[in-house]
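Here is a short briefing on surface and interior spaces. Please look over the structure before reading on.

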Amino acid sequence: MVSGAPRVFVSHLAGVAVFDPSGDQVGRVRDLVAMLRVGGRPPRLVGLVVEVVNRRRIFVPMTRVTGVESGQVITTGVVNIRRFEQRATETLVLGELLDRRVRLTATDEEVTVLDVAVTQLPARRDWEIDKVFVRRGKSGALRRRGEALTVDWSAVSGFSLEEHGQGAQNLLAAFEQLRPADLANVLHHLSPKRRTEAAAALDDDRLADVLEELPEDDRVEILGKLQDERAADVLEAMDPDDAADLLSELPEEDKERLLTLMQPQDAADVRRLMAYEERTAGGLMTTEPIVLGPDATVADALARVRNQDLSPALAAQVYVTRPPDETPTGKFLGTVHFQRLLRDPPFTLIGSIVDNDLQPLRPETPLSEVTSYLATYNLVAAPVVDESRSLLGVVTVDDVLDHLLPEDWRETELHGEVGVPNLPEVAE
């Protein structure tokens, strides 16, 4: 389902086939996983419970869902086959919300939940439960005689965290509005026990973002408290360079165990980065820049730049190479800055506007030279190539700053204070 598409009632998704982009069936939807939020706000849909072969049930994040249409769910094809385990902060939509007795806030009338509807927020990947289909009348055999109506989520009471007195979940719900760096600052100042509980309740993508912002000791502590399979999932969700940095802080035995549990492609990217010295271009680079062939158009490039998951530094330019377009790529041809993309017609081939005046970095380039390179040419990212001119990755200015600032810069009181809301009090 894309922006502007009609909402979908979850009862229509039960048992629906799940396909990868090639049209091969992955499994069938057995439930949806949501996280309730404070203040009567619509719950966020975080993923699907999908039954695959041998009746095994796995979790597919909504970030892996690209479409819900014509009675089928389309995914990116990259799914984790580890068994689904419900967390304390998660609610199963089909299993726990339907047939529930709630109240209409306008009349205080008790009604039964028959269905709920999900929709995708405009221009975002987030999904919400925004409508509730209820039936008036008492529960039991006679309930079918009552009037059925669809209301907004906010028009119903009986779901919210406050009503169930779940203080720890209130704290986590308050976290939702924080940027990863600010949330990392909050977690850093919690007690070890509360920090572990809060981290364990975050979804994989959110925890991955937070780990990238935490001081070294905190992230090693949190990763060490997770079950190995969960830890591997979180490492996969992190940027490869940050995952490599974190793994390099672990004992060799733990490092190898987690790498073995990761998806082979993700583990291969991380192993490749760990082979370089830390304070070199190879040790600093990320392996997931925007890579396109010379026959791609400006429109193609702008579509990739618009991806909201990209950092501003990675979205600043695209890298043009010969096939393959995954690092390490074919021969590196040059870059095209997004400002140039805005100046040329959408049908222009990017191969005709590529900038190849600057020599790219080599993986062994030391940090001091990387810093000078970015400063001299006013860049926020720089390509890194090997001896055959294959693009290995790019170094971004945020990673350079990370290594130039004092080691304890993440722990200063100033960091993350601006924009942090008042959090609910939770007993330790």
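In which segment is Leu405 found? Leu405 is found in the segment after α15 (397-404). The model is predicted. The points below cover a surface patch, a pocket and two cavities.

**Nonpolar patch**
- Leu401, Leu404 and Leu405 make a nonpolar surface patch.
- The area of this patch is about 260 Å².
- Leu405 has a relative accessibility of 38%, so it counts as partly exposed.

**Second largest pocket**
- The volume of the second largest pocket is about 780 Å³.
- Its lining is made up of 28 residues.
- Nearest the pocket centre lie Glu216, Arg219, Glu249, Glu278 and His403.
- Four helices each give at least two residues to this lining: α6 (216-225), α8 (240-248), α10 (264-274) and α15.
- The lining of the second largest pocket has 15 charged residues, along with nine nonpolar and four polar ones.

**Largest cavity**
- The whole structure holds two cavities of 30 Å³ or more.
- The largest cavity encloses about 60 Å³ of space.
- Lining the largest cavity are 12 residues.
- Leu13, Leu48, Met62, Val68 and Trp127 are the lining residues nearest its centre.
- Strands β3 (25-35) and β4 (44-51) each supply at least two residues of the lining.
- By class, the lining of the largest cavity has 12 nonpolar residues, with no polar and no charged ones.

**Second largest cavity**
- The second largest cavity holds about 30 Å³ of space.
- Its lining consists of Asp241, Asp245, Gly283, Leu284, Asp399, Asp402 and His403.
- α8, α11 (281-284) and α15 are the elements that give two or more residues to this lining.
- α15 provides the largest share, three residues.
- Four of the lining residues of the second largest cavity are charged, two are polar and one is nonpolar.

**Links between sites**
- His403 lines the second largest cavity, and His403 is also among the residues nearest the centre of the second largest pocket.
- α15 supplies at least two residues of the pocket lining and three residues of the lining of the second largest cavity.
- α8 likewise gives at least two residues to the pocket lining and two or more to the lining of the second largest cavity.
- The segment after α15 holds Leu405, one of the residues of the nonpolar patch.

Key
Residues are numbered from 1 along each chain as its sequence is written. This is a predicted model: local features need pLDDT of at least 70, side-chain atom pairs count only at pLDDT 80 or more; totals for chains, interfaces and linings use all residues. Side-chain values use heavy atoms; hydrogens and water are left out. Patches are made of residues with over 30% relative accessible area and no salt bridge: like charges are joined within 9 Å, nonpolar side chains (Val, Leu, Ile, Met, Phe, Trp, Tyr) within 5 Å. Accessible areas come from the Shrake-Rupley method with a 1.4 Å probe; for residues, only the protein chains shown count as cover. A salt bridge is a side-chain nitrogen of Lys or Arg within 4 Å of a carboxyl oxygen of Asp or Glu. Buried means under 20% relative accessible area, exposed over 50%, partly exposed in between (1.4 Å probe, protein chains only). On a 1 Å grid over the protein atoms alone, a cavity is a set of points where a 1.4 Å probe fits but cannot get out, and a pocket is an open set with protein on both sides within 12 Å along at least five of seven lines; lining residues have an atom within 4 Å of a point. Grid points are joined across faces, edges and corners, and a volume is the space filled by probe spheres set on the points. Ala, Val, Leu, Ile, Met, Phe, Trp, Tyr, Cys and Pro count as nonpolar, Asp, Glu, Lys and Arg as charged, and the others, Gly among them, as polar.
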